[in-house]
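The exercises below are meant for someone meeting this structure for the first time. Please look at the sequence and the model before reading the solutions.

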Amino acid sequence: MLRLDGVVKTYPTGDKALKGVTMAVPKGQVIGLIGPSGAGKSTLIRCINRLVEPTEGSITLEDVELTKLGASALRVQRRRMGMIFQEYALVERLTVMENVLSGRLGYVGFWRSYFRKFPQTSIDEAFRLLDRVGLSEMVDKRADELSGGQRQRVGIARALIQDPAILLVDEPTASLDPKTSRQIMRLICELCEERGLAAIINIHDVALAQMFVRRIVGLRVGEIVFDGPPDSMTAETLTEIYGEEDWSATIREVDEEADEEEADVAPATSGHMPEADRDRLAGLT
Amino acid sequence: MSLAAQLGGSKRWKRPPLIKSPLLRWLLGIGAALYLAAAFGSLEVNWLRVWEGLDRGWAFVLGFMQPDFVSRWADIKEGIIESLVMTVTSTVIGILISVPIGLGAARNIAPLPVYLFCRGIIAVSRSFQEIIVAILFVAIFGFGPFAGVVTLSFATIGFLAKLLAEDIEDSRAEQLEAVRATGSSWLQLMNYAVQPQVMPRLIGLSMYRLDINFRESAVVGLVGAGGIGATLNTSFDRYEFDTTAAILITIIAIVMATEYASGIIRARVQ
């Protein structure tokens, strides 16, 4: 559904952030994009919706070549790509509802958006999404009154109201505590499943990525050095991506996580139990 | 390892000097002192004149003690009203012109040619003091408040557009990015990402400019551009210090009132 072909990004300073990235994202697949700081993860997802202009290569979304679009055609395609940010990137002085509705800006004209006269269907959808992410009480609060986890939920709702085909997620949990991080990752993955959305999630926390995604892509200095399911990652792969380090702690954590998941499945407890359990454990870390 | 450390003594530390080279450091210091001495030496002070001036100053102080609002009240009232009209109209006109120029002069949202053009306008507006601009506009449009309004509007652009542009450049890039990523148009980006971030500052600056413009309206009157400045000048020329004092007190009261009001408004819009 999304194809990247030999994407290169060279910044005006001469830094090569991406050196020919080729990958395909099928419909509904959630990908964890890992790699050290400066590997080009943020640049990669920003090249897709062209917040950063790729220097070379082609990117196609559902057979539309994104790299060659003019300004207005690009805006139409951006509606199909919801983006979620590390520092939430909410407009802090706007209300929660205005932030969510800003996800519809690509669909309405200037004056409608200026007077906040969005179509009723958008408003219904906004209420539905806010309810889904657990913020129905917060509609008219200003975004800067919310906690980190709540803000990221607003960010998720804003991305989803665009009715996207793919989510581009940039370090969604980097500013959150461990428990909230898991809740947010779970929410994103659940919503992707519900709606059949593909997603590319940039993430620092390897263990967290392994918990939630089915495919991991490892990026190192602008090149893909790993692409596979999370359980095929070893200490060697991590060394290849991040460089030499003692990975036993990370790997062990992964194993525990896997055990825990298996344990959850085995006794076939009620649907809510594993979640509560995991949250409790997460709270301790 | 230093000798002292080798001997088991403690290592000494001094803050590194601002200018590293000792030669340059001393040269600059001595040079500045010499220039200052020479500059003071070249000031010619006529102490006799200063002494005579003290009397005049005292007369002014005495006049100030007994401000006379009554005998020239009609002139004062007319001047103040004219000044207020000039202030409000020039501030509104200035804001209306400043906002688009400020948007154009913010590097993070404007393309380079637009940016350079708008920065150019700001630079021109800022490079002349109000008095000089007022002299020019009085020469063009003739005596009276219209020249004053044009002057103050022009000066407002340099002030407001520059500070607005800088505030926009300081706004959070990720918020702009997020709104842009939704597929918004440029105008929607301004309305949803830029305006909420800069509005409190824009309101604060506008209020501040309103009271600057009131004070300036008194100054530009001195060169014939209307307002209370003309009345003030006349009273000075006639040595009517009591009337002058009344005018000054009125100006102070109005400036304090606008300052108080702008303080309240700025606190409210946080």
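What follows is a set of exercises, each with a worked solution, on a model that is predicted.

**Exercise 1. Describe the overall make-up of chain A and state how chain A is divided into domains.**

Solution. Begin with the secondary structure, which in chain A comes to 11 helices and 10 strands. Next, consider burial: chain A has 285 residues, and 41% of them count as buried. Then turn to the contacts in chain A with a separation of 6 or more, of which 68% are between residues 24 or more positions apart. Finally, the division gives domain 1, made of 2-80 + 164-284, and domain 2, which covers 92-163.

**Exercise 2. Work out which elements of domain 1 of chain A face domain 2 of chain A, and of what classes the residues on that side are.**

Solution. The contact between the two domains of chain A involves 14 residues of domain 1 and 11 residues of domain 2. On the side of domain 1, the elements that give two or more residues are helix 2 (71-78) and helix 7 (178-195) of chain A. The largest share of that side, 6 residues, is contributed by helix 7 of chain A. Sorted by class, the side of domain 1 that touches domain 2 holds 8 nonpolar, 3 polar and 3 charged residues.

**Exercise 3. Check the length of helix 6 of chain A, and find what covers its buried residues.**

Solution. Helix 6 of chain A has 13 residues (residues 148-160), so at 1.5 Å a residue it should span 18 Å, and the 19 Å between its end C-alpha atoms agrees with this. As for its surroundings, helix 6 of chain A is mostly covered, since 11 of its 13 residues are buried. Among them are Gln150(A), Arg151(A), Val154(A), Ile156(A) and Leu160(A). The cover over the buried residues of helix 6 includes strand 6 (81-84), helix 3 (96-101), helix 5 (120-132), strand 7 (166-170) and helix 7 of chain A.

**Exercise 4. Decide whether Ala126(A) is buried or exposed, and list what it touches.**

Solution. First place the residue: Ala126(A) belongs to helix 5 of chain A. A residue is buried if 20 or more other C-beta atoms lie within 10 Å of its own. Ala126(A) has 24 C-beta neighbours inside 10 Å and therefore counts as buried. Leaving aside residues up to four places away in sequence, Ala126(A) touches Met97(A), Val100(A), Leu101(A) and Ile161(A). For Leu101(A), which is 25 residues apart from Ala126(A) along the chain, the C-alpha atoms of the two are separated by 6.8 Å.

**Exercise 5. Trace the open sheet of 4 strands in chain A and find the helix that lies across strand 1, strand 2 and strand 4.**

Solution. Strands of a sheet pair through backbone hydrogen bonds, either parallel or antiparallel. In this open sheet of chain A the order is 2-1-4-5, and the pairing is antiparallel. The edge strands, each pairing on one side only, are strand 2 (16-25) and strand 5 (64-65) of chain A. Strand 1 (residues 2-10) of chain A is joined to strand 2 of chain A by 7 bridges, and Val8(A) has Lys19(A) in strand 2 as its bridge partner. Helix 1 (residues 41-48) of chain A is the helix sought, as it lies across strand 1, strand 2 and strand 4 (56-61) of chain A and runs at about 60° to strand 2.

Definitions and conventions
Residues are numbered from 1 along each chain as its sequence is written. Chains are lettered from A and ligands numbered from 1 in the order in which they are written. This is a predicted model: local features need pLDDT of at least 70, side-chain atom pairs count only at pLDDT 80 or more; totals for chains, interfaces and linings use all residues. Domain bounds come from an automatic or database domain assignment. Two residues are in contact if their C-beta atoms, placed from the backbone, lie within 7 Å. Ala, Val, Leu, Ile, Met, Phe, Trp, Tyr, Cys and Pro count as nonpolar, Asp, Glu, Lys and Arg as charged, and the others, Gly among them, as polar. The expected span of a helix is 1.5 Å times one less than its number of residues. A residue is buried if 20 or more other C-beta atoms lie within 10 Å of its own, exposed if 12 or fewer, and partly exposed in between; C-beta atoms are placed from the backbone. Two strands pair if DSSP finds at least two bridges between them. Axes are lines fitted to C-alpha atoms, for helices over the stretch in contact, and angles run from 0 to 180 degrees between N-to-C directions.
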